[in-house]
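I set aside this session to look up a few local features, and I wanted each entry to stand on its own. The structure comes first, and my notes come after it.

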Amino acid sequence: MTLLLSVLLALLLDYLFAEPKKFHPLIGFGAIAQRLEKNLNGNDANKLTGVFAWAVAVLPVTGFAYILQQLVSESSWLMVLIGAVILYLSVGWQSLLSHAMDVAYPLSQGNLDEAREAVARIVSRDVETMDEQAVATATTESVLENGADAIFSALFWFVLLGIPGVVFYRLCNTLDAMWGYKNERYKEFGWMAARADDVLNFIPARLTALSYLLAGNKEKAWLAWREQGANWKSPNAGPVMAAGAGAIDVKLGGSAVYDGCEQVRPILGLESSNPASADSIVLACQLLNRALLLWCGLFVLMGVV
């Protein structure tokens, strides 16, 4: 019951206040990670160096989170409050929806330049030459994929392992976003950050895909997940985005430009599915909300039982 109350309170806090604009703990953690990378990722850096940097960044904070949970475990209400605040700082529900709608609204009004500016804040691909469909595709993909990373995985690890579980997950996920690139600079140094995130997201990603299936068009979601989920370069994003694309009957993937280089990615969604548009961004947000409602219902049943 304590975990249930923490989850519901954390989601309420996120709904009311969204992500803190200033003084977010992850900003401080990111600054520490940047300094570590700057000092350790030299010409002679290798996987072992990256493992050491990852451990220095993640393990002490996780250890503190474990001690904190032990200290407050004697008081149920204190446990609820502390757990809720930490989980609130670990999820990005309303922030994700807000960023997506910042793209969808100008796109629906035909304001492509404003939509490009907004999508540049949530994706790493080049946006200067994007047309309306490319902007909508990028944003829809971001909502579906980050729904797993920013919401459902955090909930999964909090319910499973409490405060240290969600702290460990969020730190690992943040390092993956900073170090997990497969370019020359991070291929060796960021290996541990990328692998840790892959492992931690393996089960939650598939639970997210299942949630999208149950919350949307079940037949098309299952068909896309089964036939296309393994085609994506990320073992966890593939099932999530394929199931999400089928669930809202939209076609995703295809050509995208990263750092001036065009990449042709596998198509997600059925051949007969609709092209991405401002409407598909809204549909992705609605799907995410329905999936989250399913999780909350399950948590309530778990708490009752």
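The entries below take up one side chain, then one helix, then a sheet.

Entry 1. I kept in mind that this is a predicted model. I began with Gln 69, which I found in helix α3, spanning residues 47–72. I then asked whether Gln 69 counts as buried or exposed. Its relative accessibility is 13%, and because the cut-off for buried is under 20%, Gln 69 counts as buried. Looking for a polar partner, I found that the side chain of Gln 69 reaches the backbone nitrogen of Ile 163 at 2.8 Å. When I left aside the neighbours within four places in sequence, the residues in contact with Gln 69 were Met 79, Leu 161, Gly 162, Ile 163 and Pro 164.

Entry 2. I turned to helix α9, residues 218–228, and listed its buried residues as Ala 221, Ala 224, Trp 225 and Gln 228. Viewed down the axis of α9, these buried residues fall within an arc of 105°, so they line one face of the helix. I noted that the elements they pack against are α8 (191–215), α10 (237–247) and β2 (261–268).

Entry 3. Having met β2 as a packing partner of α9, I looked up its sheet, which is open, has 3 strands in the order β2-β1-β3 and is mixed in its pairing. β2 and β3 (274–275) stand at the edges with a single partner strand each, so one side of each has no neighbour in the sheet. Strand β1, residues 250–258, pairs with β2 in the antiparallel sense over 7 bridges, and I recorded Val 264 in β2 as the bridge partner of Ser 255.

Conventions. Residues are numbered from 1 along each chain as its sequence is written. This is a predicted model: local features need pLDDT of at least 70, side-chain atom pairs count only at pLDDT 80 or more; totals for chains, interfaces and linings use all residues. Side-chain values use heavy atoms; hydrogens and water are left out. Helices (H or I, at least four residues) and strands (E, at least two) are DSSP runs, numbered from the N terminus. Buried means under 20% relative accessible area, exposed over 50%, partly exposed in between (1.4 Å probe, protein chains only). A polar contact is a pair of N or O atoms within 3.5 Å; within protein, one must be able to donate a hydrogen and the other to accept it, and residues adjacent in sequence count only if both atoms are side-chain atoms. Contact means heavy atoms within 4.5 Å. The arc is that of the directions from the helix axis to the C-beta atoms. Two strands pair if DSSP finds at least two bridges between them.
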